[in-house]
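Welcome! Open the structure in your viewer, and let us walk through it one selection at a time.

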Amino acid sequence: MSLKHGLLGLLNYAPMTGYELNKEFNGSLGYFWQAKASQIYRELDSMEQSGWLTSKRVVQDEKPNKRIYSITAQGKTEFLDWLSSLDPLKNLGRMKNAFLIRVFFGGELSREQTLELFRSFREIILEQSKQMQAVKDEINSLTPDAGYDSNKAVYWKLTALSGEIMYKANLEWVDKAIEILENIAEESETKNR
């Protein structure tokens with residue numbers, strides 16, 4: 001995914017300010033794609049120059065002025081072309097994971113240091129799992145009676161399901177890794193006696 005396409009997707013739902021886009025991004029897409037507010041604003045400017053969106057400045061008396069962004073027909077075409085393209089799937093198996101790089105080089109640390117990293121990572125996974133459950137609960141509350149399209153909500157649920165399964169898999173992996181490292185530590189202590 002490119003950040004631009006994620007922003008276009010959100011603007012496809014409704015016009016928003018940069019602040020609202022940042023908040024929506026972090027509350028939905030942020031679970032699987034991270035972006036800083038400065039990156040979002042930079043992309044919005046670039047996309048406006050490309051003709052994918054327009055912005056309207058709104059002057060406010062007692063608040064700072066704001067810009068409201070809207071997707072254009074050209075932006076919607078770009079978004080739908082990207083959405084239906086197979087190109088993003090080619091690198092699907094490749095991921096960026098800074099923690100795995102640390103694990104790969106973990107032999108440079110003491111076993112206790114690596115165990116502490118894994119234990120800390122486990123706590124993070126548990127916390128993020130709770131957040132994912134809250135997301136699932138929120139998605140389940142988005143009913144047609146509340147003005148939400150149930151057909152689109154199905155895809156939001158599928159995305160949350162992926163997150164839920166990923167967190168379970170990560171938890172299983174980290175528990176096994178801790179067990180392996182603890183067993184190696186015990187074997188090492190036994191040999192040194």
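## Stop one: a cluster of rings

Start by selecting Phe99, Phe118, Phe121 and Trp173, which together make up one aromatic cluster. Keep in mind as you look around that this is a predicted model. Its protein chain has a mean pLDDT of 86, with 90% of the residues at 70 or more.

How many aromatic pairs are there to find? The count comes to eight. For one of them, zoom in on Phe99 and Phe121, a stacked pair with 4.1 Å from centre to centre and 15 degrees between the planes. Now colour the helices: Phe99 belongs to helix H5 and Phe121 to helix H6 (residues 111–140), so this pair links distant parts of the chain, 22 residues apart. Switch on a surface and you will find both Phe99 and Phe121 buried.

Stay with Phe121 and add Trp173. Here the ring centres are 6.3 Å apart and the planes meet at 80 degrees, so this pair counts as edge-to-face. Because Phe121 sits in helix H6 and Trp173 in helix H7 (residues 150–191), the pair ties together parts 52 residues apart in sequence. Is each partner buried or partly exposed? Phe121 is buried, at a relative accessible area of 17%, whereas Trp173 is partly exposed, at 30%.

## Stop two: a threonine in H6

Next, select Thr114, another residue to visit in helix H6. Thr114 is buried, and its relative accessible area is 7%. Show its side chain and follow it to the backbone oxygen of Arg111, which it reaches at 2.8 Å. Which residues does Thr114 touch, leaving aside those up to four places away in sequence? Display Gly106, Leu109 and Leu181 to see them.

## Stop three: the sheet

Now hide the side chains and turn to the strands. Three of them form an open sheet in the order S1-S3-S2, with antiparallel pairing. Strand S1 (16–17) and strand S2 (53–58) stand at the edges with a single partner strand each, so one side of each has no neighbour in the sheet.

Follow S2 along S3: the two pair in the antiparallel sense over six bridges. To see one place where they face each other, select Leu53, which stands opposite Ile71 in S3.

## Last stop: colour by confidence

Finally, colour the chain by pLDDT. Among its elements, strand S3 (residues 66–71) has the highest mean value, 95, and helix H5 (residues 98–104) the lowest, 84.

Note on methods. Residues numbered from 1 in each chain as written. Heavy atoms only, no water. pLDDT = per-residue confidence, 0-100. Helix = DSSP H or I, 4+ residues; strand = E, 2+ residues; numbered from the N terminus. Phe/Tyr/Trp six-rings, centres within 6.5 Å; stacked < 30°, edge-to-face > 60°. Buried < 20%, exposed > 50% of the residue type's maximum accessible area, 1.4 Å probe, protein only. Pairing = 2+ DSSP bridges. Polar contact = N/O pair within 3.5 Å; in protein donor to acceptor, adjacent residues only side chain to side chain. Contact = heavy atoms within 4.5 Å.
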